[in-house]
Amino acid sequence: MDHLIRTGISLEDELLKTFDEVIGRKGYRNRSEAIRDLIRDLLVSEEADKNKVIVGTLTIVYDHHRPNLTEKLIDAQHRAGGRVLATTHVHLDHHNCLEVLIMKGRSGAIRAFADGILSLRGVKHGRLVITSTGKDLQ
Ligand code: NI
């Protein structure tokens, strides 16, 4: 673990009370853990905003009976220039498939790829989660 530095912050008492309630519900054992996670989340957003190399997981639910959709999804992945590292597919029911695509690349390209997939007709729902180790992923 990196060397820890103690620091102090000033907050309104109501804000701190609400914060303690929320992090308690989320299972944090102390404020430091919660604040560290908030800071890391901010830093990951910053990296994504600067078009740095990130890891993205795109979760989609789609109707595999939609004509040509399965082919379009596969074509898009083959055209993604190796950014798609792995996929997991679950046949949810007679009509619906769930797929998770794990990707790595510059955030701009990953977002554009995800937008292209999410806007296909027959893709019913989906979400891109961008993450990073906080170090340079290149
Ligand atoms: Ni399926």
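Guide: A salt bridge is counted here when a side-chain nitrogen of Lys or Arg lies within 4 Å of a carboxyl oxygen of Asp or Glu. By that criterion, a search of the whole structure finds three salt bridges. The model is predicted, and for that reason local features need pLDDT of at least 70 and side-chain atom pairs count only at pLDDT 80 or more, whereas totals for chains, interfaces and linings use all residues. Residues are numbered from 1 along each chain as its sequence is written, and side-chain values use heavy atoms, with hydrogens and water left out.

Visitor: What makes the contact of R31 and D20 a salt bridge?

Guide: The N to O distance between the side chains of R31 and D20 is 2.7 Å, which is within the 4 Å cut-off, so the pair qualifies. R31 belongs to helix α2 (residues 31-49) and D20 to helix α1 (residues 13-26), so this contact ties together parts that are eleven residues apart in sequence. The helices named here are DSSP runs of H or I with at least four residues, strands are runs of E with at least two, and both are numbered from the N terminus.

Visitor: Why are R31 and D20 called partly exposed?

Guide: Buried means under 20% relative accessible area, exposed means over 50%, and partly exposed covers what lies in between, with a 1.4 Å probe and protein chains only. R31 has a relative accessible area of 40% and D20 one of 28%, so both residues fall into the partly exposed class.

Visitor: Which other pairs form salt bridges, and how do you know that they qualify?

Guide: The side chains of E33 and R29 meet at 3.2 Å, N to O, and the closest N and O atoms of D37 and R40 are 3.0 Å apart, so each pair satisfies the distance criterion. D37 and R40 are three residues apart in helix α2, which means that about one helical turn separates them. At 71%, R29 is exposed, whereas its partner E33, at 22%, counts as partly exposed. D37 at 33% and R40 at 48% are likewise partly exposed.

Visitor: What makes H89, H91 and C97 the protein donors of the nickel ion?

Guide: A donor is an N, O or S atom within 2.8 Å of the metal (3.2 Å for Na, K and Ca), and since water is not among the atoms, a site may look incomplete. NE2 of H89, ND1 of H91 and SG of C97 lie 2.0 to 2.3 Å from the nickel ion, so they meet the definition. Along the sequence, these donor residues follow the spacing H-x1-H-x5-C.

Visitor: Are H91 and C97 buried or exposed?

Guide: H91 is exposed, with a relative accessibility of 63%, whereas C97 is buried, because its value is 3%.

Visitor: Why is the group of R66, K72, R121 and K124 called a positive patch?

Guide: Patches consist of residues with over 30% relative accessible area and no salt bridge, with like charges joined within 9 Å and nonpolar side chains (Val, Leu, Ile, Met, Phe, Trp, Tyr) within 5 Å. Lys and Arg count as positive and Asp and Glu as negative, while His and the chain ends are not counted; the charge is placed at NZ of Lys, CZ of Arg, CG of Asp or CD of Glu. The areas come from the Shrake-Rupley method with a 1.4 Å probe, and only the protein chains shown count as cover for residues. R66, K72, R121 and K124 form such a positive surface patch. R66 sits in the loop between β1 (53-63) and α3 (69-78), and its 33% passes the 30% requirement, so its membership agrees with the definition.

Visitor: Which residues make up the negative and the nonpolar patches?

Guide: E12, D13, E14 and E21 gather in the patch of negative charge. One of them, E21, lies in helix α1 and is partly exposed at 42%. The nonpolar patch, of about 290 Å², is made by I9, L11 and L15. I9 precedes α1 and is exposed at 58%, while L11, also found in the segment before α1, is partly exposed at 40%.

Visitor: What makes the phi angles of N51 and N68 worth pointing out?

Guide: Most residues other than glycine have a negative phi. N51, in the loop between α2 and β1, has a positive phi of about 60°, and N68, in the loop between β1 and α3, has a positive phi of about 70°, although neither is a glycine.
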